[in-house]
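The following exercises concern contacts between chains and between domains. Each task is followed by a solution in steps.

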Amino acid sequence: MSTGFVSLRGVNKYFNEVHAVANLDLDVKAGEFFSMLGPSGSGKTTVLRLIAGFENASSGRVVIESQDVTDLAPFDRPVNTVFQDYALFPHMSIQDNVEYGLRTRKVPKAERAKQALEAIDSVKLSHLSQRLPHQLSGGQRQRIALARALVLRPKVLLLDEPLGALDKQLREEMQVELKRIQREAGITFIFVTHDQEEAMRMSDRIAVFNEGSIEQIGTPQEVYEKPQTKFVASFLGVSNIFDGAAAKEIFGSSTMVNIRPERIKLVPADTKLNTGESGVVGTIIEASYIGATTIYLIQTQSGQRVIATRLNEELPDQINRYETGDRVGAVWKSDHSAVIPT
Amino acid sequence: MSTTITKAGNRPLSAYLYKRAKLRLFSLLALPMFWIVGVYILSLFLLLVTAFWFVDPFTSKVIVGFTLDNFVSIFTVPAYISTSIRTLLIALAVTGLSVLFAVPLGIYMAKIAKPWVRNALAVAITLPLWAGYLVKIIAMRLVFTEEGFFNWALAPFGLSGPTFSIPIVILTLTYLWFPYMALPVFTAIRQIPPNLFDASSDMGAKGFTTIYRVVMPLIVPAIIAGSVFTFSLSLGDYLAAKFTGGSTQMIGSIIAANINLNPPVAAAFSMVPIAFVVIYLMVARRTGSLERM
């Protein structure tokens, strides 16, 4: 019936009138770091909850390791979840929190204490095992939530925006940490996030969600370089999308085309295009120096706006910088632009 | 500018008080302190004093003096001892029964019910508070009386309903005091983050385990708060026993019987429920559950 380790087939979920998940098919491979990326309300968290069993699908099937779990309760599914705000039990010590799942599985006391302490140790928080959750920092709680799920050795770990509440630096540390744990434990991770950079950095594959459907599934490179829809092109990174008349003017056909800002070079307005190059001429209406890069906003004669990002490889006064008001040519290699089918 | 000057000029009293913190504190607390100390504490204190007086056996007049006989009788007269124990057990049963009803209801109301069902139930729970206390006792009496609902409903099966007895007193008192348990329990369950329920089932716990290991520990403060009402109000009640208990005697019955005949004994006996509540709170405190209130 299915090819994936975790498979969803024709899954629909309605909340009263709202069609939260629309006829969704999804296959996650064993041992994969799979991200579900999308804006809030796009259905990604609902899909995660359908896999965990916290929500029941209105129709369709959910299969985990060729077992149909559609009608199973969460406690009977071979998955565990790391929650957005960690969901640690506030009245239990860290160790009791981590032991909770072992206790419900009737693991003998000595054995479960041993396993729990090992799990706490693996996230480097042994010294806090007798504390209560509110005595820990956000990052520490995050690690404990992870340990609490991993101690149960799930086949699939579901993570619902687990890094959302952390500050930037901690977040990046945890991204590396999560990736390491996933590699070492060989567990399938299904990771929900609205942060495209986070998804790109960690994932083997990304599913881009919009309005209850998957717009595209692919490796980070595929979804960035070959977006299949306008939504994917604009949700991942910055994009310059030409369609209709603007596309016809440049490419000779009105199919939608995307070119990424970092692939655009700026040249004097009267420069001739080389073969294999495309470009437009326009006026810089804004030039923003933001450290590593400078972002130019260019407006063409026909009113189309183009964003170009240039890496500041030299000191600002050592290169010929363009200023607001300059007329420039925005040029890119023709094979760097990608046709968006829909 | 001119408005500022008018303001200062128009509020001489406030301006005066503003500079005198102690006087402000006094005017804030004068009324409540009069109530608490002057009426509340004083009357309890006078009651305590009365408990050491005694009654002249011939004239039945209260003699002002000092005797411990009234307190000794509480611990020596077998009928008094058994009544105290009976009352204690009834109050504990009422509290237990209230918790048993309130927890599942609270979980349903707080986490499952649609908003309109939740509101309807909240009204249903508080509805008994709208009716008078005596009205509710009479209502229970009518349901369980010899020609009452249960006997009528069970008659076709050749059965008779329960008669006025201790279990009916427990039911009546539960009926009276249940809202005081249900509301704090509901509020406490409502404050439990929903994902704790998800997390619990995610880690393999079925419904009962989640209630036992997650919900109950988190709502202990609310249960204690509610039980202070169900427990102490049950300890002090005597009308439920009088109208629905048949021959059942509670501490209140003895107090009521002695209030004219022997006020010192009644006063001494009034200390028993107070002592029970104090002991109850000390035990609750020892378990550490009050610290999280």
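## Exercise 1. The domains of chain A

In this predicted model, the domain assignment of chain A gives domain 1 (6–235) and domain 2 (241–339).

**Task.** Describe the contact between domain 1 of chain A and domain 2 of chain A, and state which residues of domain 1 lose the most area.

**Solution.**

1. Taken over C-alpha atoms, the centres of the two domains of chain A are separated by 40 Å. Six residues from domain 1 and nine residues from domain 2 take part in the contact.
2. The two domains bury about 670 Å² between them, with 46% of this area on carbon and sulfur atoms. On the side of domain 1, Tyr224(A), Glu225(A) and Lys230(A) lose the most area to domain 2, together 66% of what that side buries.
3. One salt bridge is found across this interface. The partners are Glu225(A) and Arg263(A), whose closest N and O atoms are 2.9 Å apart; this separation satisfies the criterion of a side-chain nitrogen within 4 Å of a carboxyl oxygen.
4. The interface also has four residue pairs in polar contact, counted where both residues are at pLDDT 80 or more. Two helices of chain A, α7 (220–225) and α8 (230–235), each supply at least two residues of the side of domain 1 that touches domain 2. The largest share of that side, three residues, comes from α7(A).
5. By class, that side of domain 1 has four nonpolar, no polar and two charged residues.

## Exercise 2. The domains of chain B

**Task.** Chain B is divided into domain 1 (13–50) and domain 2 (73–285). Determine how many salt bridges and polar contacts link these domains, and which residues supply the buried area of domain 1.

**Solution.**

1. A distance of 34 Å separates the centres of the two domains of chain B, taken over C-alpha atoms. Their contact takes four residues from domain 1 and five residues from domain 2.
2. Between them the domains bury about 370 Å², and 87% of this lies on carbon and sulfur atoms. Leu47(B), Leu48(B) and Thr50(B) supply 87% of the area that domain 1 buries against domain 2, more than any other three residues.
3. The count of salt bridges between these domains is zero. The number of residue pairs in polar contact, with both at pLDDT 80 or more, is likewise zero.
4. The side of domain 1 of chain B that touches domain 2 divides into three nonpolar residues, one polar and no charged.

## Exercise 3. The interface between the chains

**Task.** Characterise the contact between chain A and chain B, and identify the residues that form its salt bridge.

**Solution.**

1. In this interface, 21 residues of chain A are in contact with 17 residues of chain B.
2. The area buried between the chains is about 1,700 Å², of which carbon and sulfur atoms give 63%. Phe75(A), His91(A) and Tyr100(A) supply 34% of the area that chain A buries against chain B, more than any other three residues.
3. The chains share one salt bridge. Asp198(B) pairs with Arg49(A), the closest N and O atoms being 3.0 Å apart.
4. There are eight residue pairs in polar contact between chain A and chain B, with both residues at pLDDT 80 or more. In chain A, β6 (79–82) and α2 (94–104) each supply at least two residues of the side that touches chain B. The largest share of this side, four residues, comes from α2(A).
5. The residues of this side of chain A divide into twelve nonpolar, five polar and four charged.

Methods: Residues numbered from 1 in each chain as written. Chains lettered and ligands numbered in written order. Predicted model: local features only at pLDDT ≥ 70, side-chain atom pairs only at ≥ 80, totals over all residues. Heavy atoms only, no water. Domains from an automatic or database assignment. Contact = heavy atoms within 4.5 Å. Buried area = accessible area lost by both parts, 1.4 Å probe. Polar contact = N/O pair within 3.5 Å; in protein donor to acceptor, adjacent residues only side chain to side chain. Nonpolar A, V, L, I, M, F, W, Y, C, P; charged D, E, K, R; others polar.
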